[in-house]
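Thanks for coming. I will walk through one structure today, starting with the sheet and ending with one annotated position. Please have the structure open as we go.

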Amino acid sequence: MGMALHEATHALASGDVPVGAVVVGPDGRLLGAGRNRREETGDPTAHAEVLALRQAAMSRKEWRLEGCTLVVTLEPCVMCAGALVAARVRRVVLGAWDPKAGATGSVWDLVRDQRANHAVEVVGGVREDECGAVLRAFFESHREGPR
């Protein structure tokens, strides 16, 4: 989670929501890393998870990321949860839960939906306070006017 938090802090420079993600292989080797880059690139799909999955797939030279774990600072959204299933990721380890848009157990649970062709194990709340604090600080600094 430390590497994912490190990635998240780099997203701040471009004004992106500070979410970071890394993919590690079955042997624990780092295969991919990403941070939110939507503001930086203008790409609506440039979420930390998607970018980390792309890099991991390039590293492995295949789209199937069987046996791999994605570690991310914020619970994945619907798009990212779908990407986890499509890539056949074994496990997602997440920091803060997302009660507004989370799709790995809070609002939706797409990664464990029995109708899907693959299920992803979910481990949540890892360094949750730290991950949540980074996000809260970002959103507090971007709010307009007094509360």
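Before anything else, a word on pairing: two strands count as a pair if DSSP finds at least two bridges between them. Keep in mind too that this is a predicted model.

With that rule, take strand β1, residues 20-24, and strand β3. They are joined by 4 bridges and run antiparallel. One of the matched positions is Val 24, whose bridge partner in β3 is Thr 69. On its other pairing, β1 meets β2 in the antiparallel sense over 5 bridges. There, Val 23 has Gly 32 of β2 as its bridge partner. β1 and β2 form a hairpin with 5 residues between the strands, and Gly 28 in this hairpin takes a positive phi near 85 degrees.

Now the other direction from β3. Strand β4, residues 91-96, is joined to β3 by 5 bridges, and these two run parallel. Val 72 stands opposite Leu 94 in β4. The connection includes a helix: β3, helix α4 (residues 78-86) and β4 make a right-handed β-α-β unit. β4 then pairs with β5, again in the parallel sense, over 3 bridges. In that pairing, Arg 91 has Glu 121 of β5 as its bridge partner.

Put together, 5 strands form an open sheet with mixed pairing, in the order β2-β1-β3-β4-β5. β2 (30-35) and β5 (121-123) are the edge strands; each has a single partner strand, so one side of each has no neighbour in the sheet. From one strand to the next, the twist averages 15 degrees.

What lies across the sheet? Helix α1, residues 2-11, lies across β1, β2 and β3, at about 145 degrees to β1. Helix α3 also packs on the sheet and touches β1, β2 and β3, with its direction at about 150 degrees to that of β2.

Next, burial. In a regular strand, side chains alternate between the two faces of the sheet. β1 is covered on both faces: Gly 20, Val 22 and Val 24 are buried on one side, and Ala 21 and Val 23 on the other. For β3, which spans residues 69-74, 6 of the 6 residues are buried, so the strand is largely enclosed by the rest of the structure.

One residue of β3 deserves a closer look, and that is Thr 69. Is Thr 69 buried or exposed? Its relative accessibility is 8%, and the cut-off for buried is under 20%, so Thr 69 counts as buried. Its side chain makes a polar contact with the side chain of Arg 91, at 3.0 Å. Leaving out residues up to four places away in sequence, Thr 69 touches Val 22, Val 23, Val 24, Val 89, Arg 91 and Val 93.

Last, the annotated position. UniProt, in an unreviewed entry, places the feature "active site" at Glu 49. Where does Glu 49 lie? It is in helix α3, residues 48-60. Glu 49 has a relative accessible area of 4%, so it is buried as well. Which residues does Glu 49 touch, not counting those up to four places away in sequence? They are Ala 21, Leu 70, Val 72, Leu 74, Glu 75, Pro 76, Cys 77 and Cys 80. Among these contacts, Ala 21 is one of the buried residues of β1, and Val 72 is the residue that stands opposite Leu 94.

That is the end of the tour.

Technical notes: Residues numbered from 1 in each chain as written. Predicted model: local features only at pLDDT ≥ 70, side-chain atom pairs only at ≥ 80, totals over all residues. Heavy atoms only, no water. UniProt positions renumbered as here; feature names shortened; annotations may be inferred. Buried < 20%, exposed > 50% of the residue type's maximum accessible area, 1.4 Å probe, protein only. Contact = heavy atoms within 4.5 Å. Right-handed = clockwise from strand over helix to strand, strands pointing away. Axes fitted to C-alpha atoms, helices over the stretch in contact; angles between N-to-C directions. Polar contact = N/O pair within 3.5 Å; in protein donor to acceptor, adjacent residues only side chain to side chain.
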